[in-house]
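Colleague: Please take me through the terms used for this model, one at a time. I would like each label set against its cut-off.

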Amino acid sequence: MTHQLKDLQDYKETYARSIKDPEGFWADEAATFKWHKKWDNVLSWDFVKPDVKWFEGGKLNITENCLDRHIAERGNHTAFLWEPNDPASPSVHISYRELLEKVCQCANALKELGIKKGDRVVFYMPMVPELAIGILACARIGAVHSVVFAGFSAQALADRVDDAQAKMIICSDGNNRGNKLIPVKQIVDDALEISCQSIEHVLVHKNTRTDVNWNNQIDIWWHSAVDKQSVTCKPEIMDAEDLLFILYTSGSTGKPKGVVHTCGGYMVYACSTFRNVFQYQDGDIYWCTADIGWITGHSYIIYGPLLSGATSLMFEGVPTYPDAGRFWQICEKHKVNQFYTAPTAIRALMAQGNEWPDKYDLSSIKLLGSVGEPINEEAWHWYDEHIGKKNSPLIDTWWQTETGGIMITPLPGITDTKPTFASYPLPGIQPVLMNADGTEEKNNNAEGLLCIKFPWPGILRTTYGDHERCKLTYFSAFKNMYFTGDGARRDSDGRIRVIGRVDDVINVSGHRMGTAEVENAIDEHPEVIESAVVGYPHDIKGQGIYAYVIVSHNASNDIINEIRKVVTKEIGPIAKPDKIQIVSELPKTRSGKIMRRILRKIASNELDTIGDVSTLVNPDVVDEIIKGAPI
């Protein structure tokens, strides 16, 4: 196992060593895993190209480190503890031995269906064990998995399938989510009608027994393909820099970008961060409430916990079904020790009242975690007092899809915690604040643009099929720096507080949504002439989506609902604007640039700080928009 930090002195010494001798530090961390061939070189890097390689020449298979190596000591220990959507249905325990067998069966089925090393497989599934099994089966045979959140629309799914040129989609017949039944297979069928010419098979898990349309040419039931297979499958030997997965994330342009992570570095980083951040001990029950469709689910439901030999709880449902006590009922039922969720969920449950957590025994919780967006102070205190009973350290973790794992966080029982502060970098992470003029802000009590000046093993390697986009997005703002896209503040003691995005990306319930992506969807409505989308403060979601839209004179009275339907169809319900304001024109400079800064101020009701509007073609439009703004 990778080194687990013990106390503050250990953290300080380890961090100092990781900065002074990063290659030696990460080589020691990597040496704790099973390698078929040791690496020739720990690290080579160039942030200009960019080109980063960790453990070059090393040969491994990540699933051997997640599964096979644990069998002798903890084969009968629970790997996954699955809690279904319906609280009346029984929980499912899957041991490491059972999980290995199920992964091998699925891997053999994939091979039988023509999937081989390097092929891309897209998942569009609910939070069921088969999703984790399928992901690990891909990794077992060297196929590249790409999970698409099962709340995205058919168009958004098709876009991702086409970009990855995937050969297979793995989905369910339907998805139980609270009291809703979501027709997952139908959405996949719709995506196949849109495009997806590269797809050869659709593997369908019978999850809800809903009626589905069936195409005998490509559709195959999971149980008929998988259940007959052998329970052993020899792992494909991978190079450390071979692709492990692609995960699509929204950018400031309309096209989602496929963030690429590779086998060796991601493995070392996911395990190291899991062990240190969550201070997991044998026998603990760890629960991350994220969806596996996001990076948090990849790193801290599947890979990090399994690499550490942990018990990882997976939950199919939602926090408010059948009532607002569901999270806390599960914590009591399974005596959860580490609980990791998003500020959006915390705020939504806080709004339901204290009586819900007060009904349950939460004394087993040793640690509370927050992920996805900066947590506001009110939610931080409620979480600390009503869930942790002021006995459980609260860790506010900052990281991104692109970083592969947690980067800045308090360490429970080791470092202090301060509301709204992600606080301290983990070993190997070198954050800096940069000024807009390209100089480093070295003082405390200062703000700047958050960059990382040295590579870590979990860093993205490229954006799939478009390396230039990777360079422009992450490595071109500042020389020899990875630019996070976030602004940050450093306090007098050196703790870091992440303020939020500085590009045209909105953080909605912890999910990044490109404004251009939403605008492109709105513009699909035939009566929409032009639109501009900004984020604004939202009590539950953190940020809401505010759309300013110019429509033709032929537009119907129901145009606002029609626009919401178009966005749901193009991207999914998650991108539906919370507020839509019909306007006669948008504030533009003489060069035609929309002044989103002004629109953000209006949306946030910060009318006294709008500033100079004299550079606009029509300054009067600002007052007009202010007067027409929805309450």
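**Helix packing and cavities**

Modeller: The axes of α2 and α10 come within 10 Å and cross at roughly 85 degrees. This is a predicted model, in which local features need pLDDT of at least 70 and side-chain atom pairs count only at pLDDT 80 or more, while totals for chains, interfaces and linings use all residues. Residues are numbered from 1 along each chain as its sequence is written, and side-chain values use heavy atoms, with hydrogens and water left out.

Colleague: Why are α2 and α10 called roughly perpendicular to each other?

Modeller: Axes are lines fitted to C-alpha atoms, for helices over the stretch in contact, with angles from 0 to 180 degrees between N-to-C directions. Angles under 35 degrees count as roughly parallel, over 145 as roughly antiparallel, 65 to 115 as roughly perpendicular and the rest as oblique. The crossing is roughly 85 degrees, and α2 and α10 are therefore roughly perpendicular.

Colleague: Which residues of α2 and α10 meet?

Modeller: Contact means heavy atoms within 4.5 Å. On that basis W26, E29 and A30 of α2 meet V268, Y269 and S272 of α10. The residues of this contact divide into four nonpolar, one polar and one charged. Here Ala, Val, Leu, Ile, Met, Phe, Trp, Tyr, Cys and Pro count as nonpolar, Asp, Glu, Lys and Arg as charged, and the others, Gly among them, as polar.

Colleague: What makes a space a cavity?

Modeller: On a 1 Å grid over the protein atoms alone, a cavity is a set of points where a 1.4 Å probe fits but cannot get out; lining residues have an atom within 4 Å of a point. The structure holds three cavities of 30 Å³ or more. A volume is the space filled by probe spheres set on the points, which are joined across faces, edges and corners. The largest cavity has about 50 Å³, and the second largest about 40 Å³.

Colleague: Which helix gives the most to the lining of the largest cavity?

Modeller: α10 does, with four residues. Both α2 (22-30) and α10 (263-278) supply at least two residues each. The lining consists of F25, W26, Y269, S272, T273, N276, L426 and P427.

Colleague: How many residues of each class line the two cavities?

Modeller: The largest cavity has five nonpolar, three polar and no charged residues in its lining. For the second largest, the lining has seven nonpolar, two polar and no charged residues; among them are N61, M238 and C263.

Terms used:
On a 1 Å grid over the protein atoms alone, a cavity is a set of points where a 1.4 Å probe fits but cannot get out, and a pocket is an open set with protein on both sides within 12 Å along at least five of seven lines; lining residues have an atom within 4 Å of a point.
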